[in-house]
Amino acid sequence: MVRPEQLIRAVIELIFMLLGGLVVWLGLTNQILADPRKPAWIILAVALIVWGAYAFARPAQAWLRGERWTRGVSLVLLGIVMLAITRAPFVMIGKLFAVAGVILALRGVVGLALILRPR
């Protein structure tokens with residue numbers, strides 16, 4: 001039986017999968033309305049990298065270690081892709097958005113598998 005806290009975490013990971021799919025779709029159809037050249041974009045990218053690095057530094061229970069690594073790696077990779085978007089030519093921005101969406105969706109899939117695995 002799934003405990004309530006597992007169910008909440010599973011729903012959060014499902015939201016990440018859906019968000020990743022949406023970002024992939026927006027990237028592939030070039031429906032991007034954000035300006036990645038603004039300073040707020042760079043600040044957000046650096047904040048994601050720092051937040052991901054902080055996920056590695058926090059102590060966690062042994063059974064949460066895989067989830068912590070999944071969150072940390074996905075945040076760092078997402079921040080790196082966002083920084084790459086600031087310097088990419090215009091034709092590559094949609095493809096990099098799609099890569100960011102794949103990272104989010106994979107984080108959701110792996111996180112859901114880690115949450116629902118038997119202990």
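Which element gives the most to the lining of the largest pocket? In this predicted model, that element is α1, with seven residues. The largest pocket holds about 530 Å³ of space. Its lining comprises 27 residues, of which Phe16, Leu19, Leu48, Leu78 and Leu104 are the closest to the centre. Two or more lining residues come from each of α1, α2 (39–57), α3 and α4. By class, 20 residues of this lining are nonpolar, two are polar and five are charged.

The second largest pocket has a volume of about 200 Å³. Asn30, Ile32, Ala34, Asp35, Pro36 and Arg37 belong to its lining, as do Phe90, Val91, Ile93 and Gly94. Six of these lining residues are nonpolar, two are polar and two are charged.

With regard to enclosed space, the search of the whole structure returned one cavity of 30 Å³ or more. The volume of the largest cavity is about 30 Å³. Its lining is formed by Glu13, Glu67, Thr70, Arg71, Arg107, Gly111 and Ile115. Helices α3 (65–87) and α4 (90–116) each contribute at least two residues to this lining. Four charged residues, two polar residues and one nonpolar residue make up the lining of the largest cavity.

On the surface, Val2, Leu7, Val11, Ile15 and Leu116 make a nonpolar patch of about 440 Å². Helix α1 (residues 4–28) gives the most to this patch, with three residues. Ile15, one of the patch residues, is located in helix α1. Helix α1 thus gives the most both to the nonpolar patch and to the lining of the largest pocket.

Methods: Residues numbered from 1 in each chain as written. Predicted model: local features only at pLDDT ≥ 70, side-chain atom pairs only at ≥ 80, totals over all residues. Heavy atoms only, no water. 1 Å grid on protein atoms, 1.4 Å probe; cavity = no way out; pocket = protein on both sides within 12 Å on 5 of 7 lines; lining within 4 Å. Points joined across faces, edges and corners; volume = space filled by probe spheres on them. Helix = DSSP H or I, 4+ residues; strand = E, 2+ residues; numbered from the N terminus. Nonpolar A, V, L, I, M, F, W, Y, C, P; charged D, E, K, R; others polar. Patch = residues over 30% accessible without salt bridge, like charges linked within 9 Å, V, L, I, M, F, W, Y side chains within 5 Å. Areas by Shrake-Rupley, 256 points an atom, 1.4 Å probe, with all protein chains shown as cover. Salt bridge = Lys/Arg side-chain N within 4 Å of Asp/Glu carboxyl O.
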